[in-house]
Amino acid sequence: MSKNTAGIIGTGNVGMAAAYALFQRQIASSLVLVDKDPRRAEGEAMDLMHGQALVGRVTVRAGDYADLAGCGVIVICAGVGQKPGETRLDLLNRNAAVFREIAEQLDRNAPEAVLVIATNPVDILTTVMQRLSKRPPEAVIGTGTMLDTSRFRALLGEHYDVNPRSVHAYILGEHGDSEVAIWSSASIGGLPIMGHEISCKPFDAGAMERIFQQVRGAAYDIIARKGYTNTAIGLVIAYLVRVILEDQKSVLPVSVDPAGIYGIEPGLCLSIPCVVGARGVECRVPPEVSEQERAGLHASAAVLRGGLEGMEI
């Protein structure tokens, strides 16, 4: 199988949003869909394959873990939902059990693939997979705050009426309520946002805080309206898969062990900017942060460390 093949484990809303984005953009030459419900995976594969005349030749097929052999990247979107009355720890332990089976199967069948973790809570489950899998931890990456950062740049671009691709700003730390906006290095066209007029708009600290709150609450707002989030994270996954398959060495805020950066003790995963290529994370590129931002990242790490306590890994 070609290294330009991507596998997706879990064909729910997120997994199929990712598969559609990968298919429509022809990022991989072949997609393999794996699900605990094989008939669902077969139906999804058939549905996508019927669009080849409009998109181009991208092979899509359902399979099992053995069919993932030779994949360059495997995206994990599988997980279990919370049952009524179930504690968060119970839910995490059930997801850890799911990940234990996945890790064993992938280590046996696709030991050289880079794993992209998209299942929430993504930082904790990335940590779990790094502990369970025999592959190097650099080859296990969580999507982390790539989505939050995309939301951040989109809203800043809207506020300043510029293309979001011209906005350089990060959300780091946990993909969740303790995430941190890194205003210290936020810029548009090389001009720092803090304290400067951009596009004839003076710096407005209140407006910036409202934008951050919108970013932090975006998932809640979307879920309240449509019941789940999937489209933007599907695009995030497709972008990350392309970076890996093409060995682009792009700097992305992915979930990894910080390895002591910012004084955060190793042993858990959270988002910091990293150079990502064909082998996964190649190096960390931490921006300078203020003391307040550093404290926020430490608080984020403490939240995640608390979430790992008591887990059966």
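This is a short talk on the salt bridges, one buried threonine and one pocket of a predicted model.

Let me start with the charged pairs. The model has six salt bridges in total. I will go through some of them.

The pair I would look at to begin with is D107 and R135, whose side chains form a salt bridge at 3.0 Å, N to O. D107 sits in helix α4, residues 88-109, and R135 sits in the loop between α5 and β6, so this salt bridge ties together parts that are 28 residues apart in sequence. Are these two residues buried or exposed? Both D107 and R135 are buried.

Next, the pairs with some solvent exposure. D247 and K249 are joined by a salt bridge at 3.2 Å, again N to O. D247 has 33% relative accessibility, so it counts as partly exposed. K249 is partly exposed too, with a relative accessible area of 40%.

Then there is R279 with E282, a salt bridge at 3.9 Å, N to O. For anyone filtering on distance, the cut-off here is 4 Å, so this pair falls within it. R279 is exposed, because its relative accessibility is 60%, whereas E282, at 27%, is partly exposed. Which residues are joined into one network by salt bridges that share partners? They are D247, K249, R279 and E282.

Now to a single residue, T145. It lies in the loop between β6 and α6, the latter being residues 146-160. The relative accessible area of T145 is 0%, so T145 is buried. What does T145 touch, leaving aside residues up to four places away in sequence? Its contacts are I171, L172, G173, E174, H175, P253 and S271.

Last, the pocket. I mean the second largest pocket, with a volume of about 680 Å³. Its lining is made up of 21 residues. Those nearest the centre are M146, S150, R153, R165 and Y239.

Where does the lining come from? At least two residues each are supplied by α6, β7 (167-172), α8 (231-245) and β10 (250-256). Helix α6 gives the most, with seven residues.

And how many residues of each class are in that lining? There are 13 nonpolar residues, along with four polar and four charged ones.

To recap the items on the slide: a buried pair, D107 and R135; a network of D247, K249, R279 and E282; T145 with a relative accessible area of 0%; and a pocket to which α6 gives the most lining residues.

Notes: Residues are numbered from 1 along each chain as its sequence is written. This is a predicted model: local features need pLDDT of at least 70, side-chain atom pairs count only at pLDDT 80 or more; totals for chains, interfaces and linings use all residues. Side-chain values use heavy atoms; hydrogens and water are left out. Helices (H or I, at least four residues) and strands (E, at least two) are DSSP runs, numbered from the N terminus. Buried means under 20% relative accessible area, exposed over 50%, partly exposed in between (1.4 Å probe, protein chains only). Contact means heavy atoms within 4.5 Å. On a 1 Å grid over the protein atoms alone, a cavity is a set of points where a 1.4 Å probe fits but cannot get out, and a pocket is an open set with protein on both sides within 12 Å along at least five of seven lines; lining residues have an atom within 4 Å of a point. Grid points are joined across faces, edges and corners, and a volume is the space filled by probe spheres set on the points. Ala, Val, Leu, Ile, Met, Phe, Trp, Tyr, Cys and Pro count as nonpolar, Asp, Glu, Lys and Arg as charged, and the others, Gly among them, as polar.
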